[in-house]
Amino acid sequence: MAKCDLSIELDQPSDHVYEGGTTIRGKVRVLVDADVKCSGLVVESGWKTHGAGNVATGTIQSETLFVGNWVAGQAIEYPFTLRVGDWPPTYHGHYLNVDHYVDARINIPWGFDPKASMPFLMRPTCGPESATILDKEKSKNPVGAIFVTLFLVIWCSGFGMGMAQNPGALACFAIIPTVLLLAFLAKLLLPKYLLGKVEFALSPTTCKPGDFVTGELVLRPRKNVNVNSITMNFGAREECVSGSGSNQKTHKKAFSEQLVTLQPASTLPSRSELRFPISLQIPTDAPFTIAIPQNQLIWSAKLLIDIPRWPDWSKEIPIQVLPSGSPQGSVAPPIRSLRSLSERSATKSEDGITFSETAEHLWSMRDDRRKLETLVGAVTGLTFRIEAFVERRLLYAGEDDPHVFKDGYAVWAHYGEPPLPLVLYVPHALADEFEQVGRDRWIGEGTIVGWDHRHNRLQIKLIDSQPNGFL
């Protein structure tokens, strides 16, 4: 049995969001059950993945708080100050989750080492140069290259054996690889035979949420080419690898997709230069690109030229969505503006406060937690006429979110101007209306129920009976 109990208490509440590169403070509490020798009470800050993929971890800072002996009955607290990591950010998805932790352990010679762990939320404030992206060359899986090399060695050996001894063996070793090689060459070369030189480029490929990405597709068909469509799928997906060797499995989940049609079914004329301009916007609430061993969050744009009865042409361009490192938001208004709105909001029925006015004040003070909490507390429980642009259905909102309606769900949205981020809790009565959600404008009534500090969004529960809807 353990000779002492270990726990961690942070100075800030559990929903506090720490900025990357700052410090986290707290204390480690030790309750001693029996006399024990401590070789080291160690506390660390770091991060760890959990979910479908193999676990990846990183340690930011480690400190030894105590070395010595404890006596039964002691209750001791050890304060600590640790550095918060710059990267990767806290992320909670479908297959991939990244959390930052303060971990503590007691090294007991020849005994069980008690441990404790406390997660916390981290929002990066670093620039793109500090947002570590795994080197693509290092991230390549060598298994495929080894397999191809081994396959070629066996094939060459079999080819030589067949030439020398057995024509049947020659057919066995030569026909199958030849067919595979021809299929590969056909997929690679036949689209180019019809389309000529295809140019597809985007810029920039490293950007921050809210940025626009532009580019162009240029075609010079060598002959008239019928196409079913020319489309580009822009979005993000999680890719996590679990297991190893023959038991290795890749888990993929797309969570943000936007299909852009550059050209519907038509005939591309020969001997002409066709140009298709491209313009995309990274969502303002886009999670950052994450590339750590066997756990990735990937943004990309994949272009597909669908040619009937012919191999298709496709190309995928990865896009790195990273923090900018620059301060966000404007300076919060003076206290008198905050107090004025709080007092008027308390008498909404008399003053007729609009959601537009509320959104403007919340937007202006979104970087000042103290003022923001004061205002949110003042308007919580008030019902407004709301106009919102819906972004996507939420993955994380479930039974653990007290605001979610029974048989309902939540979506991310934003107000028009300013673009205040929102969480809309959708009741079952409106489920059908939101099932076909795109980026449409929705108008209806909702009650403010709080603020989501993890994602910096105003939380609103929609009223069951809505006279309007999507426009």
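User: Which residues form the covered face of strand 1, and which the uncovered one?

Analyst: The covered face holds Cys4, Leu6, Ile8 and Leu10, while Asp5, Ser7 and Glu9 lie on the uncovered face. In a regular strand the side chains alternate between the two faces of the sheet. This is a predicted model, in which local features need pLDDT of at least 70 and side-chain atom pairs count only at pLDDT 80 or more, whereas totals for chains, interfaces and linings use all residues. Residues are numbered from 1 along each chain as its sequence is written, and side-chain values use heavy atoms, with hydrogens and water left out.

User: What makes Cys4 count as buried?

Analyst: Buried means under 20% relative accessible area, exposed means over 50%, and partly exposed is in between (1.4 Å probe, protein chains only). Cys4 has a relative accessibility of 1%, so it is buried. Cys126, at 10%, is under the 20% limit as well, so it is also buried. Across the chain of 471 residues, 41% count as buried.

User: How do you know that Cys4 is in no disulfide?

Analyst: A search of the whole structure finds 0 disulfides. For Cys4, the nearest cysteine sulfur belongs to Cys38 and is 7.6 Å away. A disulfide needs two cysteine sulfur atoms within 2.5 Å, so this pair does not qualify.

User: How many helices and strands are there?

Analyst: The chain has 8 helices and 26 strands. Both are DSSP runs numbered from the N terminus: H or I over at least four residues for a helix, E over at least two for a strand.

User: Why are strand 1 and strand 6 called edge strands of their sheet?

Analyst: The sheet is open, with 3 strands in the order 1-3-6 and antiparallel pairing. Strand 1 (4-10) and strand 6 (75-83) each have a single partner strand, so one side of each has no neighbour in the sheet. Neighbouring strands are turned by 25° against each other on average, direction ignored. The angle is taken between axes, which are lines fitted to C-alpha atoms (for helices over the stretch in contact); angles run from 0 to 180 degrees between N-to-C directions.

User: What makes strand 3 a partner of both strand 1 and strand 6?

Analyst: Two strands pair if DSSP finds at least two bridges between them. Strand 3 (residues 23-32) has 9 bridges to strand 6, and 7 bridges join strand 1 to strand 3. Both counts reach the limit, so both pairs stand. Leu10 of strand 1 is opposite Gly26 in strand 3, and Arg25 has Thr81 in strand 6 as its bridge partner.

User: Why is the contact of Glu77 with Arg29 called a salt bridge?

Analyst: A salt bridge is a side-chain nitrogen of Lys or Arg within 4 Å of a carboxyl oxygen of Asp or Glu. Here the distance from N to O is 2.9 Å, so the pair meets the limit. Glu77 is in strand 6 and Arg29 in strand 3, 48 residues apart. Glu77, at 39% relative accessibility, is partly exposed, and so is Arg29, at 25%.

User: Which other salt bridges can be named?

Analyst: The structure holds 16 salt bridges. One of them joins Arg237 to Glu316, with the closest N and O atoms 2.9 Å apart. Arg237 belongs to strand 14 (residues 229-242) and Glu316 to strand 20 (residues 313-321), 79 residues apart. Both are partly exposed, Arg237 at 21% and Glu316 at 37%. Another joins Glu273 and Arg275 at 3.0 Å, N to O. Shared partners place these two in one network with Lys197, Glu199, Glu216 and Arg220.

User: What makes strand 10 a partner of strand 12?

Analyst: They run antiparallel and are joined by 5 bridges, which satisfies the pairing rule. Phe200 has Leu217 in strand 12 as its bridge partner. The open sheet has 3 strands in the order 10-12-17, and its twist averages 15° from one strand to the next.

User: How do you know that Asp211 makes a polar contact with Lys208?

Analyst: Their side chains are joined at 3.0 Å. A polar contact is a pair of N or O atoms within 3.5 Å; within protein, one must be able to donate a hydrogen and the other to accept it, and residues adjacent in sequence count only if both atoms are side-chain atoms. The distance is within that limit, so the term applies. Asp211 is in the loop between strand 11 (206-207) and strand 12 (212-219).
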